[in-house]
Amino acid sequence: MARRVTSRTLIGRSAQVESLLAALDAATTGDSRIVLITGDAGIGKTRLVTEAIERAHEKGVRAVIGGCVQLGEVSIAFAPLVEALRDLQKQLGEEEFDEVLGSGRTQLSALLSGDDEARTASGGLFEHLLGALTRLGARAPVLLVFEDLHWADASTRDLVAFLGRNLRNAAVTLVLTLRNDEIHRRHPLRPVLAGLERNERVERIDIDGLGRADVEQLLGEIDAGDLDDAQVDELAARSGGNPFYVEELVAAGRLTGGLPDTLAEVILARVELLSDDARRLLRAAAVIDDHVDDELLAAVTGTALEIVTAALREAVDEQVLVLDADTCRFRHALVREALYDDLLPGERTRLHVATGGILEAAEHLPSHTRWAMLAHHWDAARDAPKAFQASVRAGLEAEKVYALADAAEQYERALVVMDQIDDPLSLAGMTAADLLLRASDAVQATTRTNRAVDLAEAALREMGEDAPAEKRALVHERIGRSNWTQHHGAASIAAYEHAHALVADRPASPDKAFVLSARGQSLMVRALYREAIPVLEHAIHVAVETGAVDVEAHARCSYGPALFGAGQVDAGFAELDRALELSLSVGAGEHAARTYTNLSHSHYQGGRHDQALATGREALDYVVQVGHARHYGEAIAGNVIAAMHCAGRWAEAEAIHDDSRIPNGDPYQELRWLPVLINTGRIDEARRLVQATLVNTAEADDVQFAGLGFLIAARLCVIDGKWDRGRRYVADALTLIEQTDDHFFRAMAFALGLRLEADRLDSPDGRRDAAEVEAARTVAIDLHRRMHAATAEFAKRGVSMLPEPAGWIATGEALFAQVSGSPDPDLWAAAEDAWRRAGQPFDEAAASVARADALIRTAGDRDLAAALVRAALATAVTLNAKPLEAEIRGLARRARLDLADGAVQRDGVASLDITPRELDVLRLVAQGRTNRQIGESLFISEKTASVHVTNLMRKLGVASRVEAATVAVRNGMADAPE
């Protein structure tokens with residue numbers, strides 16, 4: 001009788017089991033839970049899940065399970081979902097299964113049937129799945145398991161992130177298993193895991209090696225309890241407590257001696273104990289798939305079914321394979337890996353060929369799965385024509401289920417072998433140029449590299465100059481778009497203009513309309529609204545004339561923001577709404593994604609913060625589902641972050657920034673995240689991010705990237721006291737902005753430039769250098785003049801200031817008065833009001849602090865100043881605006897404001913509790929006099945002057961003469977020196 005090598009009971013995992021059961025209990029009340037089970041290969045993740053499933057059944061919980069599958073370097077899209085749905089279909093039966101799927105039955109069933117038409121039906125796959133899970137949970141609590149998430153394809157990763165965000169009020173527990181040792185630093189699953197782990201509904205269970213006592217118990221369970229203590233100690237040490245290692249070492253008789261060079265040696269030694277047929281068939285099975293189907297294995301190997309069945313039974317008895325529903329699978333992925341690697345090259349190739357031949361007729365498999373498998377097997381078989389054809393088809397099928405990252409991988413694989421094909425056109429069903437363009441589009445949608453440009457340029461060369469002008473123009477448009485997303489401004493403009501020149505004199509057509517629309521888009525994103533509007537109107541006219549609804553949607557998507565920027569706000573929103581309606585009606589996913597981007601941007605800039613959040617959340621779910629989380633998802637996230645920052649809802653901004661479904665790192669998103677970092681005091685992080693952003697946008701020439709980057713860099717210069725550098729950044733920003741029709745960032749630039757000069761003069765060095773004062777005031781006068789000229793020009797054009805720019809203009813007026821030496825509380829009151837109307841509490845609080853400061857400097861109402869400071873402090877604390885809070889407390893300390901409610905504020909001199917002589921000393925200190933100069937002015941000795949200064953600083957509670965001088969100036973007892 002064979003030795004039992006697998007424990008019948010779960011050893012040493014009671015705490016983890018209890019955690020899983022607690023998650024199941026929570027989910028049964030409708031409070032869904034997600035559990036991450038992590039650990040090295042062989043540590044017992046699957047065994048823990050098996051135990052949980054058994055316990056779940058006892059509780060009346062329905063369990064469904066699916067696993068990720070990797071074929072070579074490529075994963076199969078939605079593999080765990082497909083397997084789980086099949087499992088569920090078997091458990092429920094067809095009728096109940098269809099009821100659970102509800103309105104999503106067409107799209108979800110398509111994943112199982114491979115029906116192209118059904119699979120591409122409208123509607124969100126993820127939303128339908130969420131609805132199905134909710135309905136299923138209403139019938140009985142659900143345990144949904146996705147195993148081996150480290151092999152998940154991009155689409156599955158997006159699905160998991162979506163469920164992490166949206167699976168809330170359902171009787172569902174989602175369990176995800178993954179190997180720690182597979183998740184390297186750049187693994188694409190890392191951002192998903194980071195997002196999940198910030199979710200309070202997610203629990204992580206890390207499985208470590210068993211302790212010595214548990215190893216001993218395990219040995220007793222697998223009929224190895226006769227080992228002495230020394231052998232147990234050695235085995236525990238050699239295995240690291242990994243149950244799989246322990247079991248395999250015992251099964252292979254490797255209880256003494258050094259650990260084999262690789263665990264594969266241990267596994268293969270185990271397999272060598274099986275019969276010849278079993279060994280031969282297991283090696284073949286390792287080539288085919290993780291799951292072993294006896295009929296498929298018989299067909300591939302040409303072996304009689306009864307021999308295959310007997311061999312598989314032997315492997316199951318020896319626990320190399322385990323039963324899984326109606327099929328077998330390798331007990332552990334490591335078993336399959338070792339067997340595959342042990343094959344001779346010729347054996348492996350022949351088995352891949354045989355598998356490919358059988359799979360070509362496997363019509364029952366979903367198309368995207370079958371073609372991905374075929375591409376893998378024909379590539380491994382070194383059959384270039386078939387590998388090429390299968391990769392092209394796999395890419396097309398991946399596109400249909402919005403698995404664009406998978407499509408990009410498949411197209412790239414096809415391009416690698418295309419030169420080895422005699423007639424690629426007949427095999428691919430498309431020209432080489434078309435294949436290059438499809439690859440370019442897929443890469444563009446899912447990466448941030450120049451590869452999309454390279455592919456499009458290769459397509460252009462492949463077409464040749466004899467290709468129709470419209471087709472070449474479309475390629476130039478792709479090049480322009482890809483260069484713009486890489487922030488290569490000059491290259492992008494050149495490509496768009498070249499595309500336009502090619503079709504300018506051509507008759508009306510959908511292609512011409514699209515090229516016109518793309519040129520208009522290029523002008524719009526560069527804030528050249530007056531130039532963009534007629535181009536886009538022409539594009540809309542041609543699109544309508546030629547019946548190109550998708551192109552009309554594309555053009556209106558740019559026309560709306562152009563009207564918005566030109567001051568026609570309501571008309572702009574109407575165009576965007578129409579563009580979204582048209583895009584969705586014809587299933588133009590990318591156009592809809594771009595429209596969502598522009599709509600959320602317009603809501604943000606229009607001060608409609610709640611609408612920006614609502615639209616943004618809807619938009620993010622949509623772009624993830626249609627495969628455009630990169631670029632469009634990043635931009636939408638940036639818009640929502642900006643809106644939430646303005647609204648003072650910084651926790652929501654951070655949640656959007658940390659959404660694991662959306663990549664980080666794009667300058668657009670990070671530039672809108674930076675104000676949150678700065679205002680919460682995360683300055684070091686902000687400095688690093690600003691520098692990276694300036695590098696990434698060095699070739700950009702548009703306001704929303706390069707211009708805003710300069711302005712935020714200037715803001716950090718204000719914080720760091722790098723006045724000259726900050727002045728240059730503001731000048732660079734305005735040089736760019738003033739060439740456009742933008743007033744949003746222009747107003748911000750004027751206010752920031754004036755802020756920089758005001759704070760320069762308020763710094764210790766600025767107050768003591770007459771030349772510095774004169775230079776700052778000269779710059780401020782120029783900025784103020786240009787600000788007035790700009791507002792007059794925009795008013796003349798009929799452009800009303802949006803809420804935020806109105807706040808910046810009011811702030812700029814108050815700052816100019818401050819630089820001029822006449823701080824005006826009334827101007828700061830106007831700025832307060834402007835920010836209040838804009839719904840921006842942080843900026844309102846900052847204006848309140850500045851108003852209080854101006855009241856103190858001008859010997860104004862100290863009670864009002866204290867009330868303003870108290871209110872601003874409450875806002876700063878609520879927002880966690882640490883730098884503003886520190887500034888407020890510093891002002892209160894220097895101005896001797898009592899922040900207690902109802903406190904009566906003493907006047908400036910009385911609040912300091914200093915003698916008349918000390919007041920004289922303070923005024924001289926504020927003028928920068930030395931102790932000797934103070935003595936000479938007051939006819940006292942230098943030593944006596946020193947004593948007065950020391951006592952004065954003690955009474956004021958300051959650590960330096962500079963701080964003492966600041967107290968004097970802020971309390972209106974001394975003027976800053978000219």
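Before the structure itself, one definition: the axes I will mention are lines fitted to C-alpha atoms, for helices over the stretch in contact, and the angles between N-to-C directions run from 0 to 180 degrees. Also, this is a predicted model.

I'll start with a small sheet. Three strands form it, in the order β8-β10-β9, and the sheet is open with antiparallel pairing. At its edges are β8, residues 291-292, and β9, residues 321-324, each of which pairs on one side only. Between β8 and β10, which covers residues 327-330, the antiparallel pairing runs over 2 bridges. In one of these strands, β10, arginine 329 is the bridge partner of histidine 291.

Now the helix on this sheet. Helix α16, residues 305-317, lies across β8, β9 and β10, and runs at about 100 degrees to β9.

Next, helix α10, residues 212-221. Which of its residues are buried? Val215, Leu218 and Leu219 are. Looking down the axis of α10, the buried residues fall within an arc of 100 degrees, so they line one face of the helix. What do they pack against? The buried residues of α10 pack against α11, residues 229-239, and α12, residues 243-251. After α10 comes aspartate 223, and its phi is positive, near 60 degrees.

Last, the cysteines. A disulfide is a covalent bond between the sulfur atoms of two cysteines. How many disulfides does the structure hold? The count is 0. As for burial, the cut-off is under 20% relative accessible area. Cysteine 328 has 10% relative accessibility, so this residue counts as buried. Cysteine 646, with a relative accessible area of 5%, is buried too.

That is what I have for today.

Terms used. Residues numbered from 1 in each chain as written. Predicted model: local features only at pLDDT ≥ 70, side-chain atom pairs only at ≥ 80, totals over all residues. Heavy atoms only, no water. Buried < 20%, exposed > 50% of the residue type's maximum accessible area, 1.4 Å probe, protein only. Helix = DSSP H or I, 4+ residues; strand = E, 2+ residues; numbered from the N terminus. Arc of directions from axis to C-beta. Contact = heavy atoms within 4.5 Å. Disulfide = S-S within 2.5 Å. Pairing = 2+ DSSP bridges.
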